[in-house]
Amino acid sequence: MDRVGRPRGLIRHASAAEVRGGTAHRWLTGRVTAYSGVWLLLVAVLAVLLSARPDLDVLVLRQAGTLYVALPGGDIANFYTLQALNRTGHSADFAIEVLEPAGATVTPLGSLTPVAPYSVLDGRFLLRIARSRLTGPSTHVRVRIRSHGQTVQSIESAFLGPGSTN
């Protein structure tokens with residue numbers, strides 16, 4: 001505008017009413033406020049979800065495609081797969097305890113601990129139950145995952161067997 005001898009500000013992004021009235025454009029509109037509110041809500045939800053996630057997450061599933069194994073001595077066993085995800089910057093150790101049925105034992109098939117920092121550990125274990133403790137062809141099993149003396153997770157699954165002999 002200096003070259004043609006006109007005042008500055010004549011060419012700008014403005015409506016005709018703004019040019020005539022000289023009022024400044026208001027950038028804080030209802031739409032901007034609404035979008036800002038939605039954005040802040042999403043950031044808050046993400047922060048809560050990230051802070052509430054567990055440091056160690058363990059997934060236990062009965063191994064697909066297998067039934068049960070009759071062991072010498074009359075016990076019945078099922079194979080389970082385990083996947084442990086460590087979300088911390090240090091190694092994590094954990095232990096598997098069987099809560100139900102009483103007297104069941106866990107035999108790791110390979111090393112299940114420690115889980116390296118920021119990594120996933122895949123493993124297998126054998127769950128062994130006395131035949132007299134079975135409640136039918138499918139017995140309810142509950143295991144607890146403990147790390148550093150605290151319960152991390154309680155996992156429920158099914159144990160397949162021939163049924164009870166009572």
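Which side chains meet in a salt bridge at 3.5 Å, N to O? Select E97 and R146: their side chains are the ones that meet at that distance. E97 belongs to strand β4 and R146 to strand β7, so this pair links distant parts of the chain, 49 residues apart. Bear in mind throughout the tour that this is a predicted model.

**Stop 1: the network around E97**

Keep E97 selected and add R144. These two side chains also form a salt bridge, with 2.8 Å from N to O. Strand β4 covers residues 95-100 and holds E97, while strand β7 covers residues 138-147 and holds R144, so the pair ties together parts that lie 47 residues apart in sequence. With E97, R144 and R146 shown together, you have a network of salt bridges.

Now colour the three residues by accessibility. E97 has a relative accessible area of 27% and is partly exposed. R144 is partly exposed at 24%, and R146 is partly exposed with a value of 24%. In general, side chains of opposite charge can pair when their charged atoms come close.

**Stop 2: R128 and D75**

Where next? A search of the whole structure finds five salt bridges, and one of them joins R128 to D75. Select both residues and look for the closest N and O atoms, which are 2.9 Å apart. This pair too links distant parts of the chain: R128 sits in strand β6 (residues 120-130) and D75 in strand β3 (residues 75-86), with their positions 53 residues apart in the numbering. R128 has a relative accessibility of 29%, so it counts as partly exposed.

**Stop 3: the largest cavity**

How many cavities of 30 Å³ or more are there? The count comes to one. The largest cavity has a volume of about 50 Å³. To find it, select V60, Y80, F125, L127, V141, R142, V143, I155 and S157, which line it.

Colour this selection by residue class: seven of the lining residues are nonpolar, one is polar and one is charged. Then colour by strand. β6, β7 and β8 each supply at least two residues of the lining, and the largest share, three residues, comes from β7. β7 is also the strand that holds R144 and R146, from the first stop.

**Stop 4: the largest pocket**

Clear the selection and pick P54, D55, L56, N86, T88, H90, A92, S147, H148, Q150, T151 and V152. These residues line the largest pocket, which has a volume of about 230 Å³.

What is the make-up of this lining, in nonpolar, polar and charged residues? Four are nonpolar, seven are polar and one is charged. Which strand gives the largest share of the lining? Strand β8, residues 150-160, does so with three residues. β8 has already appeared on this tour, as one of the strands that supply at least two residues to the lining of the largest cavity.

**Stop 5: a nonpolar patch on the surface**

For the last stop, go to the start of the chain and select M1, V4 and I11. Together they form a nonpolar patch on the surface, with about 320 Å² of accessible area.

Within the patch, look at M1. M1 lies in the segment before α1, the helix made of residues 16-21. Is M1 buried or partly exposed? Its relative accessible area is 33%, so M1 is partly exposed.

Notes
Residues numbered from 1 in each chain as written. Predicted model: local features only at pLDDT ≥ 70, side-chain atom pairs only at ≥ 80, totals over all residues. Heavy atoms only, no water. 1 Å grid on protein atoms, 1.4 Å probe; cavity = no way out; pocket = protein on both sides within 12 Å on 5 of 7 lines; lining within 4 Å. Points joined across faces, edges and corners; volume = space filled by probe spheres on them. Helix = DSSP H or I, 4+ residues; strand = E, 2+ residues; numbered from the N terminus. Nonpolar A, V, L, I, M, F, W, Y, C, P; charged D, E, K, R; others polar. Patch = residues over 30% accessible without salt bridge, like charges linked within 9 Å, V, L, I, M, F, W, Y side chains within 5 Å. Areas by Shrake-Rupley, 256 points an atom, 1.4 Å probe, with all protein chains shown as cover. Salt bridge = Lys/Arg side-chain N within 4 Å of Asp/Glu carboxyl O. Buried < 20%, exposed > 50% of the residue type's maximum accessible area, 1.4 Å probe, protein only.
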